[in-house]
Amino acid sequence: MKIRAVYTCPLELTHDMIKGKWKPIILWRLRLGPTSLSKLERDIEGITQKMLLQHLKELTELGFIGKTVYEGYPLKVEYFLTRPQGEKLLSALQIMQEIGIDYMVEHGMQDALIEKGILPQVPTKK
């Protein structure tokens with residue numbers, strides 16, 4: 001990801017920094033705490049390891065996430081949100097999550113939310 005030399009506003013810059021299908025999802029998953037590459041790959045359905053590594057590298061270069069490399073064998077690396085920059089994005093992502101939930105509920109797509117445990121299962125009336 002290349003940052004341009006000129007932007008019309010800060011929002012445009014921030015959008016470029018986190019745009020794409022996977023970056024917001026990676027950042028959202030990291031809100032749960034430091035985690036390994038393999039755990040991220042398991043938790044983010046549909047992402048390839050190549051794409052995950054590419055986005056982790058870009059988000060690290062931009063300062064939104066950091067990584068800790070532990071010595072020993074096998075090699076262990078954990079990724080985490082940085083403070084304050086990475087954690088600041090969580091407020092924006094939380095609002096985006098809420099907008100998505102509202103839209104899905106309003107358009108009859110709540111089964112996916114219930115399945116993932118985002119919405120509680122509503123007991124059926126007898």
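Student: How much area does this protein expose, and what share of it comes from carbon and sulfur atoms?

Tutor: The protein exposes about 9,200 Å², with carbon and sulfur atoms supplying 59% of it. Those areas are Shrake-Rupley values with a 1.4 Å probe, and for residues only the protein chains shown count as cover. Bear in mind that this is a predicted model, where local features need pLDDT of at least 70, side-chain atom pairs count only at pLDDT 80 or more, and totals for chains, interfaces and linings use all residues. Residues are numbered from 1 along each chain as its sequence is written, and side-chain values use heavy atoms, leaving out hydrogens and water.

Student: OK. What percentage of the residues is buried?

Tutor: Of the 126 residues, 29% are buried, meaning under 20% relative accessible area (exposed is over 50%, partly exposed in between; 1.4 Å probe, protein chains only).

Student: And what are the elements, going from the N terminus?

Tutor: They run α-α-β-α-α-β-β-α-α, which gives 6 helices and 3 strands. These are DSSP runs numbered from the N terminus: helices are H or I with at least four residues, strands E with at least two. The C-alpha trace spans about 55 × 45 × 25 Å along its principal axes.

Student: Let's do the sheet. What's the strand order?

Tutor: The 3 strands form an open sheet, ordered E1-E3-E2, with antiparallel pairing. E1 (35-36) and E2 (65-70) are the edge strands, each pairing on one side only. Two strands pair if DSSP finds at least two bridges between them.

Student: How many bridges join E2 to E3?

Tutor: There are 6 bridges between E2 and E3 (residues 76-81). Gly-66 has Phe-80 of E3 as its bridge partner, and Val-69 has Val-77.

Student: What sits in the turn of that hairpin?

Tutor: E2 and E3 have 5 residues between them, and Gly-72 in the turn has a positive phi of about 115°. Pro-74 is also in the loop between E2 and E3, and the peptide bond from Tyr-73 to Pro-74 is cis, with omega near 0°.

Student: Which residues does the other cis bond join, the one with omega about -5°?

Tutor: That cis bond joins Arg-83 and Pro-84. Pro-84 lies in the loop between E3 and H5.

Student: Switching to helices. How many H2 residues are buried?

Tutor: H2 is mostly covered, with 7 of its 8 residues buried. Lys-23, Pro-24, Ile-26, Leu-27, Trp-28, Arg-29 and Leu-30 are the buried ones.

Student: Which residues are buried in H1?

Tutor: In H1 (residues 10-18), they are Asp-16, Met-17 and Ile-18. Their cover includes H2 (23-30), H4 (49-61) and H5 (85-106), where contact means heavy atoms within 4.5 Å. After H1 comes Gly-20, with a positive phi near 120°.

Student: What about Gln-94, why does it count as partly exposed?

Tutor: Because its relative accessibility is 33%. Gln-94 is found in H5, and its C-alpha is 18 Å from that of Gln-110, which is 16 residues away in sequence.

Student: Now pockets. What's the volume of the largest pocket?

Tutor: About 790 Å³. On a 1 Å grid over the protein atoms alone, a pocket is an open set of points where a 1.4 Å probe fits, with protein on both sides within 12 Å along at least five of seven lines; lining residues have an atom within 4 Å of a point. Points are joined across faces, edges and corners, and the volume is the space filled by probe spheres set on them.

Student: Which residues lie nearest its centre?

Tutor: Of the 22 lining residues, Ile-25, Trp-28, Gln-97, Lys-116 and Ile-118 lie nearest the centre. H2, H5 and H6 (110-115) each supply at least two lining residues, and H5 gives the most, with 6.

Student: And how does that lining split by class?

Tutor: It has 13 nonpolar, 2 polar and 7 charged residues. Ala, Val, Leu, Ile, Met, Phe, Trp, Tyr, Cys and Pro count as nonpolar, Asp, Glu, Lys and Arg as charged, and the others, Gly among them, as polar.

Student: Last one: which element gives the most to the lining of the second largest pocket?

Tutor: H5 again, with 5 residues. That pocket has a volume of about 210 Å³, and its lining includes Leu-11, Ile-18, Pro-24, Leu-89 and Met-96. H1 and H5 are the elements giving two or more residues to this lining, which divides into 6 nonpolar, 3 polar and 2 charged.
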